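Grab a pencil and work through these exercises with the model open beside you. Each one sets a task, then walks through a solution.

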Amino acid sequence: MTLAYSSAIFQGTEQKKKQVQKYVSRRKEPKKRYRRRSTFCVGLDGEKWVNYLEQYSDEVEQLMKLTPNKRRFYQQGMRAATLIQSIS
C-alpha cells in the first residue's frame, strides 16, 4: 500500500512540474482556500486519463475529422499524454 501511495504521489508531483495537471484535473481556483485535487489524486487521474485516451483513440480521431478547428487542442492534449506516459 505504501508503494502504491508513493508512486501516485511521485507521478502527481512530476505532472505538476511538467505543467500537464490542467489536462488531468481542475487546478486551484483563485477565490478558493484549498485546491480541488491532491497530488495523490492528480497522479491517479493522470494514469486513468492516459488509459482512456488509448482505449478510445479511434473514436477521438473520428471526432477530430468532424471538427478540424479543434485539432490544435487535440495535439496539445496528446503531447500532455506523452509527457504523462514518460513519467510512469
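**Exercise 1. The pocket lining**

Task: Find which helices each supply at least two residues of the lining of the largest pocket.

Solution.
- Step 1: Pin down the terms. A pocket is found on a 1 Å grid over the protein atoms alone, as an open set of points where a 1.4 Å probe fits, with protein on both sides within 12 Å along at least five of seven lines; lining residues have an atom within 4 Å of a point. Helices are DSSP runs (H or I, at least four residues), numbered from the N terminus.
- Step 2: List the lining, which is Y23, W49, L53, V60, L63, M64, F73, Y74, G77 and M78.
- Step 3: Sort by helix. At least two residues each come from α3 (39-55), α4 (57-66) and α5 (71-87).
- Step 4: Look for the top supplier. That's α5, with four residues, the largest share of the lining.
- Step 5: Add the volume, about 180 Å³ for the largest pocket. Here a volume is the space filled by probe spheres set on the points, and grid points are joined across faces, edges and corners.

Before going on, a word on the model. It is predicted, so local features need pLDDT of at least 70 and side-chain atom pairs count only at pLDDT 80 or more, while totals for chains, interfaces and linings use all residues. Residues are numbered from 1 along each chain as its sequence is written, and side-chain values use heavy atoms, with hydrogens and water left out.

**Exercise 2. The whole chain**

Task: Describe the fold and the surface of the protein in a few numbers.

Solution.
- Step 1: Count the elements. There are five helices and zero strands, in the order α-α-α-α-α from the N terminus.
- Step 2: Box it up. Along the principal axes, the C-alpha atoms fill roughly 45 × 35 × 15 Å.
- Step 3: Check the contacts (heavy atoms within 4.5 Å). Of those with a separation of 6 or more, 66% are between residues 24 or more positions apart.
- Step 4: Turn to the surface. The protein exposes about 6900 Å², with carbon and sulfur atoms supplying 53% of that; the areas come from the Shrake-Rupley method with a 1.4 Å probe.

**Exercise 3. Two neighbours in a loop**

Task: Q19 and V20 both sit in the loop between α1 and α2. Is each one buried or exposed?

Solution.
- Step 1: Set the cut-offs. Buried means under 20% relative accessible area, exposed over 50%, and partly exposed in between (1.4 Å probe, protein chains only).
- Step 2: Take Q19. This residue counts as exposed because its relative accessibility is 63%. Its phi is near 60 degrees, a positive value in a residue other than glycine.
- Step 3: Take V20. At 2% relative accessibility, V20 counts as buried. Leaving aside neighbours within four places in sequence, V20 is in contact with Q15, A80, L83 and I84.

**Exercise 4. Where α1 meets α3**

Task: Work out what Q11 and G43 touch, and why each counts as buried.

Solution.
- Step 1: Place them. Q11 lies in α1 (residues 2-17), and G43 is in α3.
- Step 2: Read the accessibility. Q11 counts as buried because its value is 9%, and G43 is buried because its value is 1%.
- Step 3: List contacts, skipping residues up to four places away in sequence. Q11 touches G43, E47, I87 and S88, while G43 touches A8, Q11, G12 and Q15.
- Step 4: Try a distance. The C-alpha atoms of G43 and Y5, 38 residues apart along the chain, are separated by 9.5 Å.

**Exercise 5. An acidic residue in α3**

Task: Say what surrounds D45, a residue of helix α3.

Solution.
- Step 1: D45 counts as buried, at 15% relative accessibility.
- Step 2: Leaving out neighbours within four places in sequence, D45 is in contact with V24, S25 and R37.
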